[in-house]
Amino acid sequence: MGFLHPILLAGLALGALPIIIHLLTRRRHKVVRWGAMKYLLEAIEETSKRVQIEDLILLAMRVLIICLLALAVARPKFNRQAAGPGPRLAVLLVDNSPSMQADRGGSTRWDQARAWARSLLNSLPAGSRVAVLPLCNPTDPAALRDPTAQVLLAADVVDELPASALSADPVSAIRAASEIVGGSDLPNRSVYVLSDFQATDWRDSGNRLADAVRALLAQQNTTLTAVACGEQDRTPSNVAVTRLDRTWRVIKVGRDIQLNGELQRFAAADGDMDVATTIQIDRQKADARSAGVQASEPRRLDYYARFDAPGDHEVTLQSASDISPADNVRYLAVEAREEVRVLIVDGDRHLDAPVQSESFYLRYALAFGQSDAVPISVDIIDGEDIRNARLDRYDVVMLANVSQVPPAAAGELVQWVRAGHAAVIFLGDLVDTQSYNSGFLADAKGGFLRAHLGAPIDAPRDRQTGAVGLFNLAVASFAGPIMTFFSGDDLADLDKAGFSRALEIDLAGNTAADNVRVDAALSNGVPLLVTRELGEGRFALLNTTADVAWGNLAINPGFTPMMQRLLVWLLAPTATSTNLTPSQTWELSLPLETMDTPVTLKRPDGRTVVLEPVVDAARQRAVRTYSDTTLAGFYRVTWDVGDQQQSRLFSVNVSSREGDLAAIDAGYLRELAGPASPDIVWETLQTPADRLVGARAGGRELWLWVLGAALGLLVAEQYLGRRFSGGTR
Amino acid sequence: MPPILSRYLRPEVISQLERIEFRPRGLVEGNLAGGHKSPFHGFAVEFAGHRGYVPGDDIRHIDWKVYYKSGRYVLKQYEEETNLVAHLLLDASESMEYGSRGTSKLECGKQLASALAYLILNQRDKVGAAIFDSELRVTLPTSNSIAQVHHMMTAYEGRGPTGESQVGRAVSQYAAKAGRRGIVVVLSDFFTDLERLFDGVRRLKFDKHEVVLLQIVDDDELTFPLRGMTRFVGLENLGERIIEPQRLRDSYLRKFNAFLDALTAGAELCRADYFRVNTSLSLTANLVGYLNSRPTGRRT
């Protein structure tokens, strides 16, 4: 037991007041000369003992009431570990996740939490130290990690904490708080968590969170005060836009294209709810839909829009306003182009006899019967020119019988694919398998995949005629979206394709997580087509030549549709590098000549940042990265090349789980804390911050209880006084 | 009207008394022919009956008409009407000092005695008076003169409440000198030894007096409404106490009502009339209340 204001215990002396008043009252009385004294004396004789006892009881109660009031003013508190009043360490973890933007009685949870935090700071005793960390990203530069005694500074930090698109990261935040607490020499330490305690963030952290909380509370004289900023008694109904993407990765200018949106309704009760949505392109309304959304399942909606000019475009899907505005919008950065640009790197190019070139067959296969919706333009370069290739001008790169690729160019090509593009490799006699095995195919993380190209396998010749033997395609081995298209009567004569040679390919080094798939194999079991979704992009390896050197596939009727199916698959969208999750790093790789070129980035909040380049020696590129992608919205990067301004656009979206406003309760947190659960205080924003100042200092304030006891005694004293006086008081 | 008279007999009281008659409950002995039944059967105005002649009887009372008709000597007998003699005994002890509304019980007693005296004298009856505390202090012989009222008031004047109240002793003393039967009205709060009081009453009753106990009490004594820290100074040397009266109101009222019950029961046992005079009521109201409580018919 301790007192916040022990000096006020001097007020206990006031307990003598009722005794003094009693004595004074006996001195100040009126005088009555009474005739019927005999009967009065008899009454006094009869009641004197009872009256004396009653007087004593009332006097004791009055003394006790005053003493209790004096105690209450001295702010008693119960300390588990003898924490005394005085300066203390307060670590504020303020939830700045998107769900904190939810409306709460006219203002946002975020605003109310910050106001509460300021109130708490104002209530701290002199000499206290304060640290302020955002719950979503405790390493944010805006955080105040070093405890300061300047409460005003801390209040400013609270005011200027940015709202983030990140989800809450309670584990990291509590660990960071634990470090700060551990480094403090102040005897009393309190960690205040101002959060809506979204279950998706807190519950899913599981054991890691339990460990973090227990480690924090294991430190001496440390309490954890949870200040719930959301609705505790119910889960508000909320509709969120959880997805926005497009069917094709490359969007053609001037054509209606399909955009796919998804709505999800998070609510405790079932039932349909009509939700109006609008899609905007470059802030101009392009399409609108209204649809019923059930609480139990996501609702997918298709929109149609047209992009009138090539370049980057901002696509926004917005749902009708509801309690949580942060999840009512989703952003998509897209690039509209006139065509799909394919670069064929021909390692066996014959300008004088094009038909002997690998690119000859590929070019016609890609150009044949192409859809007007996806026009394809093809550029062809020699194998040696790949090191100077401007990959940023293309969507797909096809290497055909290229002997080897310099390591820098190979590394850049892999990164380029990982960033959301596509590559295809055709093998051939010119291929330096050693170079490939140590480069592209060295490992699954740094290369396209882990594969080992072995010795050529030739189909056995006919023993009688001596004719060249051929392997066939094993139709039964067809897998994946490219090859399963060809089945039954729709084989397009692919079953008649013959292969005279192939390389041994060992794929054993890949794991299931590497996502490597054999889409087709030869009749001898050697893989013919190996594919992999790689980062944001896609990769395909064909164990044959693009011409007729290793077989007749290039002149088989099925070659053209197979190449077109391959192209469709390569261009199918994945989560691209232009649409990030919060705090994901965005990278801009430019030629070294741009080292001195200023590149600026404009954030969704209007701030402009200059991106400084770093030389990537391996790739011989000037690389600029940006990691502070904690705001949802569009980020536009611009730089000048000569007289022309270049730009890139990318978007950041909040997690689709932010829409689920269901929260954990005090019981869950205490369960996590285990034996340390008594050191957890669960409050709401309704609790005055100054009342918690005592509770956080290693104990719980008792003044309210003491005051209640005093009031209870007062009521009892009034009742007894009235009763003792025969109801005439 | 002399000032002393106006103090005890107010005109409005007198005007009320003009319309009221004070009659004894039974027979009274007076020395004048009056308006009340006398216990003495004699030869006066109102015929009562005959009795046989015995030698020595005055032959003037022989009913000759009976003799002529029957040849027997009988004497005529008459009921004698005589005047009422009322004795008004006023308690002037210290306990009569209390008065919550500006008029003490003693003052109330004096006014009441004066009014009764006036009423009785106005009927050509006789009034005697006495003032007592622990013993008789002043005794006024009976008189049917209206001046008796003045004498009473003069005796009352300056007689403040003093001494201990011993009503029984005073009544006994007065009984010894009361003379022939009449009405003895005792005006007191009777805060005294009730046993001794009723001894005196029984003595009066033995002498054939009609006894009327008029208890004069203050409303505060009946209801005990006092509040706040109070020092009660006991009159008649009963000490003092500082108490909160509301704390023992119930107990006091229980005791006081027990005393009233004992007084009422004792009076009934002694066949004495008992009437309680509340000083919070007007004198007229108290007087009319008392007189109305008395029977009005003549008794034979």
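At 15% relative accessibility, N510(A) falls under the 20% mark, so it counts as buried. That's a handy place to start looking around this structure, which is a predicted model. N510(A) sits in the loop of chain A that runs between strand β26 (501–506) and strand β27 (516–522). What does the side chain of N510(A) reach at 2.4 Å? It gets to the backbone oxygen of R450(A). The backbone oxygen of L507(A) also has a polar atom of the N510(A) side chain 3.1 Å away. If you skip the neighbours within four places in sequence, the contacts of N510(A) are A444(A), L449(A), R450(A) and V516(A). So R450(A) turns up here as a contact of N510(A), and its backbone oxygen is what the side chain of N510(A) reaches.

Stay in that loop for a moment. N515(A) is also placed between β26 and β27 of chain A. With a relative accessible area of 40%, N515(A) is partly exposed, because that value lies between the 20% and 50% limits. The backbone of N515(A) is worth a glance too: its phi is near 65°, a positive value in a residue other than glycine.

Now move over to the helices, starting with α2 of chain A, which covers residues 37–73. One partner of α2(A) is helix α15 of the same chain, residues 703–724. Their axes are 9 Å apart and the two helices pack at an angle of about 160°. Angles over 145 degrees count as roughly antiparallel, which is why α2(A) and α15(A) get that description. Their crossing is left-handed. On the α2(A) side, the residues making the contact include R50(A), E54(A), I57(A), L58(A) and M61(A), while α15(A) brings in W703(A), V706(A), L707(A), L713(A) and F724(A), among others. What kinds of residues make up this contact? They divide into 19 nonpolar, one polar and four charged.

Helix α2(A) also has a partner in the other chain: helix α9 of chain B, residues 249–269. Here the axes come within 8 Å and cross at roughly 135°. That angle is between 115 and 145 degrees, so α2(A) is oblique to α9(B). The crossing of α2(A) and α9(B) is right-handed, whereas that of α2(A) and α15(A) is left-handed. The residues that meet are Y39(A), L40(A), E42(A), A43(A), E46(A) and T47(A) from α2(A), and S251(B), Y252(B), R254(B), K255(B), F256(B) and F259(B) from α9(B). Sorted by type, this contact has six nonpolar, two polar and four charged residues.

Just before α9 in chain B, there's a loop that follows β10 (240–243), and R247(B) is in it. Is R247(B) buried or exposed? It counts as buried, because its relative accessibility is 7%, under the 20% limit. Where do its contacts lie? Leaving out residues up to four places away in sequence, R247(B) touches R50(A), V51(A), E54(A), D55(A), F724(A) and S725(A). Three of those names, R50(A), E54(A) and F724(A), also belong to the contact between α2(A) and α15(A). The side chain of R247(B) makes a polar contact with the side chain of D55(A) at 2.6 Å. A polar atom of the R247(B) side chain also lies 3.2 Å from the backbone oxygen of V51(A).

Finally, step back and look at chain B as a whole. Its secondary structure comes to 10 helices and 11 strands. Of its 300 residues, 53% count as buried. Among contacts in chain B between residues at least 6 apart in sequence, 74% join residues at least 24 apart. A117(B), in helix α4 (residues 105–122), gives you a close-up. A117(B) is buried, because its relative accessible area is 0%. Its C-alpha atom is 8.1 Å from that of A86(B), a residue 31 places apart from it along the chain. Neighbours within four places aside, A117(B) is in contact with L88(B), V127(B), V149(B) and M152(B).

For a contrast, find K208(B), in the loop between α7 (194–206) and β8 (210–217) of chain B. K208(B) is exposed, because its relative accessible area is 53%, over the 50% limit. K208(B) isn't a glycine, yet it has a positive phi of about 70°.

Terms used:
Residues numbered from 1 in each chain as written. Chains lettered and ligands numbered in written order. Predicted model: local features only at pLDDT ≥ 70, side-chain atom pairs only at ≥ 80, totals over all residues. Heavy atoms only, no water. Helix = DSSP H or I, 4+ residues; strand = E, 2+ residues; numbered from the N terminus. Buried < 20%, exposed > 50% of the residue type's maximum accessible area, 1.4 Å probe, protein only. Polar contact = N/O pair within 3.5 Å; in protein donor to acceptor, adjacent residues only side chain to side chain. Contact = heavy atoms within 4.5 Å. Axes fitted to C-alpha atoms, helices over the stretch in contact; angles between N-to-C directions. Parallel < 35°, antiparallel > 145°, perpendicular 65-115°, else oblique. Left-handed = near helix turned anticlockwise from the far one by under 90°. Nonpolar A, V, L, I, M, F, W, Y, C, P; charged D, E, K, R; others polar.
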